[in-house]
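Please look first at the part of the model where protein and nucleic acid meet, and then at the interior of the protein.

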Amino acid sequence: MTLDLTSLNPAQRQAVETTEGPLLVLAGAGSGKTRVLTYRIAHLITDKRVSPHEILAITFTNKAAAEMRERLATLLGSLPGQYSSRAMWVSTFHAMCVRMLRTDAKLLGFTSNFTIYDDDDSKRLVREVMKELEYDDKRYPINAVRSRISSAKSELMGAAALAESSFTPLDKAAAKIFARYETRLLAANSMDFDDLLVNTHRLLSENVKVLDAYQDRFRYISVDEYQDTNHAQYAITNLLAAKHRHLMVVGDDDQSIYSWRGADIRNILEFEHDYPEATVVKLEENYRSTARILMAANAVVANNTNRKPKTLFTSNAEGEKIASYLASDERDEARFIAGEIERLGRAEHRRYTDFAIFYRTNAQSRSLEDALLRAGIAYKIVGGTRFFDRAEIRDVMGYLKAVVNPADEISLKRIINTPKRGIGDSTIDKVQLVARERNVGFEDAMRAAVEEDWLAARARMSLLGFTQILDELRVLEGDLRDLVEMIVEKAGLIAAYEAERTDEALGRAENIREFFTVVSEFAASHDEPSLPAFMEWLALRTDLDSVDECVDEFVTLMTVHTAKGLEYPVVFVAGLEESIFPHQNSMFEPASLEEERRLAYVAITRARERLYLTHAYSRSIFGVTQHNSPSRFIGEIPAEHVEASGVGSVGFSGTGWEKRGDRSGSYGHGTAESGGRVFGSGTRQVPAAGSSAGGGAFGARSAGPKRKEQTETFSVGDAVDHKVFGRGTVTTVNGDALEIRFDRTRETKKLLVGYAPIVKIKQ
DNA sequence: TGCCGCTGGATTTTT
DNA sequence: TCCAGCGGCA
């Protein structure tokens, strides 16, 4: 069987056919990088007779891994046994590390059922350690400490090494906290995300046999998004590839946007130095975007100095000009976007899934959400507060973690009094103290407290109850879903929420039931759905993994960071203002400003056909109104590719479906802000419904739903139907502000009568 | 022990 | 603006 490579361009083909020795592929945005990666692996297997068993392909997200696996399965068809593509390791660094660590945990002093601490768990533990060592979290902000520890870890620096290179009090404190934190993690048989890498590196570098085995096995290795690897990942890659040196790395230095998380752009810039015999292939033809969008992207990123010079080209059509819109404030900006979505939906028959709205910071999503809600446009936010971050879900996960790994203190403490069992802080502190004095785990101390007599009788009884529950939970058996349901049942989580009888509590109970569905889905899609396997999957999954699980029609909202690797026909980038994007904290240092610019480059290159860059004359952030000038990144795009529009005028007073009772844009002048062209272009002139005098010519605004006649009145308990959110129940009424709990999302939203697309359902 | 209200802090977050 | 954490109080 031979793989058909004729659909590839010469550069792509060269990358695919260079199978021996190190290979660096510099792949510009939209240049068919994923195709190259998958074709190369398929080529190795079908034409070079490499066993899938010998292939390791590392991606940066689970989603990318899943996609690659899928594409490979299609390219390869089904092959038997070890030739099956299932023998291949296609995974993220972290998933790969977990797999290696589970196998050899004992060599590092862990057991194979170790818990993976996510951000929240790790933060709790650091907080405890800081209390224990009596560090004041005012002088030593916990997040600063955590970021020192985390960056030390990504540099493969231990606590001792950090201590040596510390000069400031904060660094010194961080080093001490780091040391204790590590001890506590080991005692809890737990690892945080950084540890997965650090410990894998230790495993490989300290155990020759283990390293040998993996080196022999993985003769062909590829790493995607190489520009975003940190030092630990870099070191692991080099260890694994050292013997055969068939290492392919793919990346784009212009899309390096995670340096603040320890990603080291030098990994890609200096690959040829590390592997002097490397073949270098540049993929510079873009297949994604219109010529104009590409020119804009090129022009912006060309302002960076620390990069490999390159210019993407395309044979795609020139396309529309890039629309830049000056809004009067963030609500106007959001309304404009909503209006354009509706307009393009009608004029160009676009579906909601064609649109994406990007922003620099999550805080910006609120006003956008608001406008979409009012316009009745279905949307989905990717990232932000996630289902799995909800307190009640984390509680369930706490129980599961404690069941799987009895040493996991953080989880134990999370669930010890959830639901309330009368075990308060003072009891926990006493148990903790005894644990430390006797140098035993928290659970042992807890059991001792039940046996012995150093706690008040009531606390002792409560603890007894809790340990009994734990014992019961740990002996449960059954298929995964039953198991999880039984654990939740015995823990009394749902029962406690239902007893509360408040709307919020019922919603939480509902969320837990939703979690059972997640369990079922996991069980159905995995070969051996054990509880530990499920926990692992949970720990490593993210919201992004489910971006397109939804078959429904949604406009997608997310931060620019989250958008990396995705593409949409129509892209809006909101908040292109100085101090928002580039962000305030990154504006004044050249290196971080360049990263902001790369971020802008990433945002622009997500767009296939149309690109909107919006900014606002005034914007309220955290309750404070700011006036920011347009982002320099807009100015870096050649004017002939930009069509500016917008307001920024005295007369603006809104269209009627934005919030009432606000300042309605009644600030002074600002016409110059839009770069000469104030209004009109590209924006349909729709008389503003319900707009008051003064709208006039400047009131020209995008199309949008008009305010509905206010015929209905609502009261608590009414069943309603919302255009986007479906059925719900009114929970509070405050004038024409309603709070409605929706059945489908189980969320409570604040809506305004007469603006929101809701109707009362007759009962 | 548990609730309430005050205070301070709030980029980005593939894992 | 909005959330989490902590201290004060019943």
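The residues of the surface near DNA strand C divide into one nonpolar, one polar and two charged, where near means that a heavy atom of the residue lies within 4 Å of the strand, and where Phe counts as nonpolar, Arg as charged and Gly as polar. This is a predicted model, in which local features need pLDDT of at least 70 and side-chain atom pairs count only at pLDDT 80 or more, while totals for chains, interfaces and linings use all residues. Residues are numbered from 1 along each chain as its sequence is written, chains are lettered from A in the order in which they are written, and side-chain values use heavy atoms, without hydrogens and water.

The residues that surround DNA strand C are R127, R366, F622 and G623. Of the strand's atoms within 4 Å of the protein, 40% belong to sugar or phosphate and the rest to bases. Two polar contacts (pairs of N or O atoms within 3.5 Å) are listed here.

| Protein atom | Atom of DNA strand C | Distance |
|---|---|---|
| R127, side-chain N or O | phosphate oxygen | 3.4 Å |
| F622, backbone N or O | base oxygen | 3.4 Å |

Turning to the interior, the largest nonpolar core (buried Ala, Val, Leu, Ile, Met, Phe, Trp, Tyr and Cys residues joined through side-chain atoms within 4.5 Å, buried being under 20% relative accessible area with a 1.4 Å probe, protein chains only) has 52 residues, and L400, F515 and F534 are among those with the most contacts inside it. Leaving aside residues up to four places away in sequence, F534 touches L400, L480, F515, V519 and F522, a contact being heavy atoms within 4.5 Å. A second, separate core of 44 residues includes A105, L196, L240 and L540.

Methods
A polar contact is a pair of N or O atoms within 3.5 Å; within protein, one must be able to donate a hydrogen and the other to accept it, and residues adjacent in sequence count only if both atoms are side-chain atoms. Buried means under 20% relative accessible area, exposed over 50%, partly exposed in between (1.4 Å probe, protein chains only).
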